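Reader: I would like a close look at a single part of this model, with the surroundings added where they help. Please give the numbers and skip the general remarks.

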Amino acid sequence: MTSSSTNFFSDSFAALLLETESGKPFVYDEGDEVSLMFDLATVQSRMKRARPNDLILGYTRAMLGSVLIQEYTQQIGMIGMGGGSLAKYCHHYLPDSQISVAEIDQRVIDLGHHFQIPFDSPRLRVHCADGADWLKTSSQQFDVLMIDAYGPQGMPDNIASNAFFDLCRTRLSPQGILVVNLWGSDKRFESYYQRIRSIFDDAALAIGADGCANRIVYGFNSSRLPAQKTLQHYCRQRADQHSIDLMSLGQRLSRALRAVDGLEPISPKHPK
């Protein structure tokens, strides 16, 4: 969906309320933090001004498990940009990577300058396009393909279908990994997870995220689950190269690996 670009920056609650009712994306400025929102109840993306490349929201950190599994991550695809948190993180901490992003809403892209997204970088390409359509026409093979497409109305049907997840697998390199952000509280979560699990020959895992109900699903194009020794090795080797807690992320993935169904058990201290 494309529309004219407008700066929906707000300085008062009344203005924020009007923007919420309009259904348009807007930026909420809290001084040291900036958030992208569609309504007052849900934060789509958040950035600390002093550390713009860090991942603030727990679900974004949980989507970085690929750095503990793959030896090299050179081609990264993303569907859904939001405030660009994942794109910025990968751009900064994976300097050998090329990143391609499909974002359906031009208004979201137009707000990107508030979040210091490096649009001028030759390593980052942002396309205003429906993610499913973009993937159909793309000739790239991705080492990691991240899907973060939940909007105000939930996951679009064309991005939650068997046909879409099957297409995702065809766009992965031989050792490529699909990473999908889902809402654990969504009544369709189990259906989505089983679709991905079936398409990836049961080589799929789902982990939780700190401070939210999101569940992050990983599908492995090799049809093989990662070895726990690999996770432990890369945790030790790469811990100092990233700002996220790789040890904690590795523990989540290990718990999912030990589960028969690939689902990390939900801790009582985390939201369901």
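Author: Pro174 is exposed, because its relative accessible area of 62% is over the 50% cut-off. The model is a predicted one, and every value below is computed from it. Pro174 belongs to strand S9, which covers residues 172–183. Leaving out residues up to four places away in sequence, Pro174 touches Asn221 and Ser222. Ser223 is 49 residues from Pro174 in sequence, yet the two C-alpha atoms are 9.6 Å apart in space.

Ser223 deserves a word of its own. Ser223 sits in the loop between S11 and helix H8 (228–238). The phi of Ser223 is near 65 degrees, which is a positive value in a residue other than glycine. At 31% relative accessibility, Ser223 falls between the 20% and 50% limits and therefore counts as partly exposed.

From S9 the path leads to helix H7. The buried residues of H7 pack against strand S9, and also against H6, strand S10 (204–209) and strand S11 (212–220). Helix H7 itself spans residues 189–199. Which residues of H7 are buried? They are Phe189, Tyr192, Tyr193, Ile196, Arg197 and Ile199. An arginine, Arg197, is thus listed along with aromatic residues and isoleucines.

Two of these residues form a ring pair. Five aromatic pairs are found in the structure. For Phe189 and Tyr193, the ring centres are 6.1 Å apart and the planes meet at 5 degrees, so this pair is stacked. The cut-offs behind that label are 6.5 Å for the centres and under 30 degrees for the planes. Phe189 and Tyr193 are four residues apart in H7, about one turn of the helix. Both residues are buried. Just after H7, Asp201 has a positive phi of about 55 degrees.

A ring with a charge over it occurs elsewhere in the chain. Arg238 lies over the face of Tyr234, at 3.7 Å from the ring centre.

S9 and H6 also lead to the annotated position. The UniProt record, an unreviewed entry, places the feature "active site" at Asp148. Such an annotation may be inferred rather than shown by experiment. Asp148 is in the loop that runs from strand S8 (142–147) to helix H6 (162–170). Is Asp148 buried or exposed? Asp148 counts as buried, because its relative accessibility is 19% and the limit is under 20%. Apart from neighbours within four places in sequence, Asp148 is in contact with Tyr59, Met63, Ile79, Gly80 and Asn181.

A strand closer to the N terminus offers a contrast with Pro174. In strand S3 (residues 33–37), five of the five residues are buried. Burial applies to both faces of S3: Glu33, Ser35 and Met37 are on one side, and Val34 and Leu36 are on the other. S3 has a partner strand in S2 (residues 26–29), with which it pairs in the antiparallel sense over four bridges. One of these places Asp29 opposite Val34. S2 and S3 form a hairpin with three residues between them, and Gly31 in that turn has a positive phi of about 90 degrees. S3 also runs antiparallel to strand S4 (residues 43–48), to which five bridges join it. In S4, Met47 is the bridge partner of Val34. The hairpin of S3 and S4 has five residues between the strands.

Positive phi appears in one more residue that is not a glycine: Gln116, at about 55 degrees. Gln116 is in the loop between helix H4 (106–110) and strand S7 (124–128). With a relative accessible area of 44%, Gln116 is partly exposed.

The cysteines take little space to describe. Cys90 is buried at a relative accessible area of 0%, and Cys235 is buried at 4%. The count of disulfides is zero.

For the chain as a whole, there are nine helices and 11 strands. Buried residues make up 55% of the 272 residues. Of the contacts with a separation of 6 or more, 65% are between residues 24 or more positions apart. The contacts of Pro174 with Asn221 and Ser222 are one example of how distant parts of the sequence meet.

Note on methods: Residues are numbered from 1 along each chain as its sequence is written. This is a predicted model: local features need pLDDT of at least 70, side-chain atom pairs count only at pLDDT 80 or more; totals for chains, interfaces and linings use all residues. Side-chain values use heavy atoms; hydrogens and water are left out. Rings of Phe, Tyr and Trp (its six-membered ring) pair if their centres lie within 6.5 Å; planes under 30 degrees apart count as stacked, over 60 as edge-to-face and the rest as tilted. Helices (H or I, at least four residues) and strands (E, at least two) are DSSP runs, numbered from the N terminus. Buried means under 20% relative accessible area, exposed over 50%, partly exposed in between (1.4 Å probe, protein chains only). A charge sits over a ring if NZ of Lys or CZ of Arg is within 6 Å of the ring centre and within 35 degrees of the ring normal. Contact means heavy atoms within 4.5 Å. Two strands pair if DSSP finds at least two bridges between them. A disulfide is a pair of cysteine sulfur atoms within 2.5 Å.
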